[in-house]
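I am keeping these notes as I work through one chain, writing down what I looked up and what I found. The entries follow the order in which I asked myself things.

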Amino acid sequence: MPCLWRRGSRFAGRKQRRLLNSRTALVVIAPGEAIGDGTVRHYRINKVTAPGGRTLKKRDVLAQSDAEAVQTAAESDECPVCEVLRDGRTIGIVA
């Protein structure tokens, strides 16, 4: 992504803060709940016409493992045929 401001600009600080605030999310965990070691990965679930076919819908999820991401896709009502990808590579297909 190209730089949207110059370092010497008087607006650089405001724009940096606004950009940071627009890309951060708050995750609340109830006291006493643990989420493994806290490491999650980004996965993309693509709803497709057939395995290897045209993509109809894309959804991003966070999961701790490949198996959890595939299970999330399998449990979804809108996924009769879906591909689960991590880092652009297919790791599972739900059919």
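In which strand does Asn 46 lie? I looked this up before anything else, keeping in mind that the model is a predicted one, and I found that Asn 46 belongs to strand 1.

**Entry: Asn 46 and its surroundings**

I then asked whether Asn 46 is buried or exposed. Its relative accessible area is 9%, and the cut-off for buried is under 20%, so I noted Asn 46 as buried. Next I listed its contacts, leaving aside the neighbours within four places in sequence, and wrote down Thr 55, Lys 57, Lys 58, Val 81, Cys 82, Glu 83 and Leu 85.

**Entry: the chain as a whole**

To place strand 1 in a wider picture, I looked up the elements of the chain, which has two helices and four strands. Going along the sequence, I read their order as α-β-β-α-β-β. The chain has 95 residues, and I noted that 20% of them are buried. I also looked at contacts between residues at least 6 apart in sequence, and of these 36% link residues that are at least 24 apart.

**Entry: the disulfide**

How many disulfides does the structure hold? I found one, and its partners are Cys 79 and Cys 82, with an S to S distance of 1.9 Å. I checked the surroundings of both partners too, and I recorded Cys 79 as buried and Cys 82 as buried. The torsion about their S-S bond is about -95 degrees, and I therefore wrote the disulfide down as left-handed.

**Entry: the cavity**

Rolling a probe the size of a water molecule over the atoms shows where empty space is left. I looked for cavities of 30 Å³ or more and counted one, and the space in the largest cavity comes to about 40 Å³. Which residues line the largest cavity? I listed Ile 45, Asn 46, Lys 47, Lys 57, Lys 58, Arg 59, Glu 78, Cys 79 and Cys 82, so both partners of the disulfide and the residue I began with appear in this lining. Strand 1 (41–48) and strand 2 (55–63) are the elements that each give two or more residues to the lining. Sorting the lining by kind, I noted five charged residues, three nonpolar ones and one polar one.

**Entry: strands 3 and 4**

I turned next to strand 3 (residues 82–86) and strand 4 (residues 89–94), which pair in the antiparallel sense over five bridges. Leu 85, which I had already listed among the contacts of Asn 46, stands opposite Thr 90 in strand 4. The two strands form a hairpin, and I noted two residues between them.

Where is Asp 87 found? I located Asp 87 in the loop between strand 3 and strand 4, and I wrote down that its phi is positive, about 55 degrees, although Asp 87 is not a glycine. Its relative accessibility is 65%, and with the cut-off for exposed at over 50% I noted Asp 87 as exposed.

**Entry: Ala 67**

Last, I looked up Ala 67, which is found in helix 2 (residues 66–75) and is exposed, with a relative accessible area of 56%. How far apart are Ala 67 and Gly 92 in sequence and in space? I noted 25 residues along the sequence and 8.6 Å in space, taken from C-alpha to C-alpha.

Methods: Residues are numbered from 1 along each chain as its sequence is written. This is a predicted model: local features need pLDDT of at least 70, side-chain atom pairs count only at pLDDT 80 or more; totals for chains, interfaces and linings use all residues. Side-chain values use heavy atoms; hydrogens and water are left out. A disulfide is a pair of cysteine sulfur atoms within 2.5 Å. Buried means under 20% relative accessible area, exposed over 50%, partly exposed in between (1.4 Å probe, protein chains only). On a 1 Å grid over the protein atoms alone, a cavity is a set of points where a 1.4 Å probe fits but cannot get out, and a pocket is an open set with protein on both sides within 12 Å along at least five of seven lines; lining residues have an atom within 4 Å of a point. Grid points are joined across faces, edges and corners, and a volume is the space filled by probe spheres set on the points. Ala, Val, Leu, Ile, Met, Phe, Trp, Tyr, Cys and Pro count as nonpolar, Asp, Glu, Lys and Arg as charged, and the others, Gly among them, as polar. Two strands pair if DSSP finds at least two bridges between them. Contact means heavy atoms within 4.5 Å.
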